[in-house]
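These are my notebook entries on one structure. I record what I looked up and what I found.

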Amino acid sequence: MTDETNKIVQELFQKSHRFLAEDEVVNAALEAKLSLFETNALIETLISMGVYISDNIHDALKQLNNDRAEKKRTILSRKSPDSATTFSMLHIPVGAELTFLKDREIVAVTLDDVNRIRLKDGSLEGSTSKLAQILGVKFGYADVARQGPRWWLYHGKTLLAIREELEND
């Protein structure tokens, strides 16, 4: 077990008086961002120390696992508003300049805090994905649809790379 898990075991054990409700264990695991494996190790350790955890703990863990799986599916879903990459999410202001990955001479300006851009020459306006698709076809790429963040750069980094950096922080 990790030091964090051991710390949680000790805290729960001290306040347990030999009995814990399932929500105390699950909440402690959630606060510490323990994996399901680590949570199970936590439970087994507490039980081995003589702490009784209410019978609902296994149901609570199943529900926790289901909730995490559903959240992961939602995040990965392209139709989910949570998964859409927006300028505000990336801290890109309205009026900022983006460059097209395959031709740095093509520059667009952000029009809102979501994903609308207009080419600087005024010839095209739309979402990052739509303009990337149009420009991608011009350069012979067929796989550009719905991948605007992969094709536009802000300060030399793709929007996708900026998002990944922010999510990993």
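Entry 1. How much space lies in the largest cavity? I note beforehand that the model is predicted. I found about 30 Å³ of space in the largest cavity. My count of cavities of 30 Å³ or more came to one. As background, rolling a probe the size of a water molecule over the atoms shows where empty space is left.

Entry 2. Which residues line the largest cavity? I listed Thr-85, Thr-86, Phe-87, Leu-90, Val-114, Asn-115, Thr-128, Pro-149 and Leu-159. I then sorted the lining into five nonpolar, four polar and no charged residues.

Entry 3. I next looked up Thr-128, one of the lining residues. Thr-128 lies in helix H5, which covers residues 128-138. Is Thr-128 buried or exposed? Its relative accessible area is 4%, so I recorded Thr-128 as buried, the cut-off being under 20%. Leaving out residues up to four places away in sequence, I found that Thr-128 touches Phe-87, Leu-98, Asn-115, Ile-117, Gly-148, Pro-149, Trp-152 and Leu-159.

Entry 4. Leu-159, a contact of Thr-128, led me to helix H7, residues 159-168. Which residues did I find buried there? They are Leu-159, Ile-162 and Arg-163. These three cover an arc of only 100° around the axis, and therefore they lie on the same side of H7. In general, an α-helix has 3.6 residues a turn, so residues three or four places apart point the same way.

Entry 5. Finally, I asked what covers the buried residues of H7. The cover includes H5, helix H6 (148-151) and the strands S3 (97-100), S7 (152-154) and S8 (157-158).

Key
Residues are numbered from 1 along each chain as its sequence is written. This is a predicted model: local features need pLDDT of at least 70, side-chain atom pairs count only at pLDDT 80 or more; totals for chains, interfaces and linings use all residues. Side-chain values use heavy atoms; hydrogens and water are left out. Helices (H or I, at least four residues) and strands (E, at least two) are DSSP runs, numbered from the N terminus. Buried means under 20% relative accessible area, exposed over 50%, partly exposed in between (1.4 Å probe, protein chains only). Contact means heavy atoms within 4.5 Å. On a 1 Å grid over the protein atoms alone, a cavity is a set of points where a 1.4 Å probe fits but cannot get out, and a pocket is an open set with protein on both sides within 12 Å along at least five of seven lines; lining residues have an atom within 4 Å of a point. Grid points are joined across faces, edges and corners, and a volume is the space filled by probe spheres set on the points. Ala, Val, Leu, Ile, Met, Phe, Trp, Tyr, Cys and Pro count as nonpolar, Asp, Glu, Lys and Arg as charged, and the others, Gly among them, as polar. The arc is that of the directions from the helix axis to the C-beta atoms.
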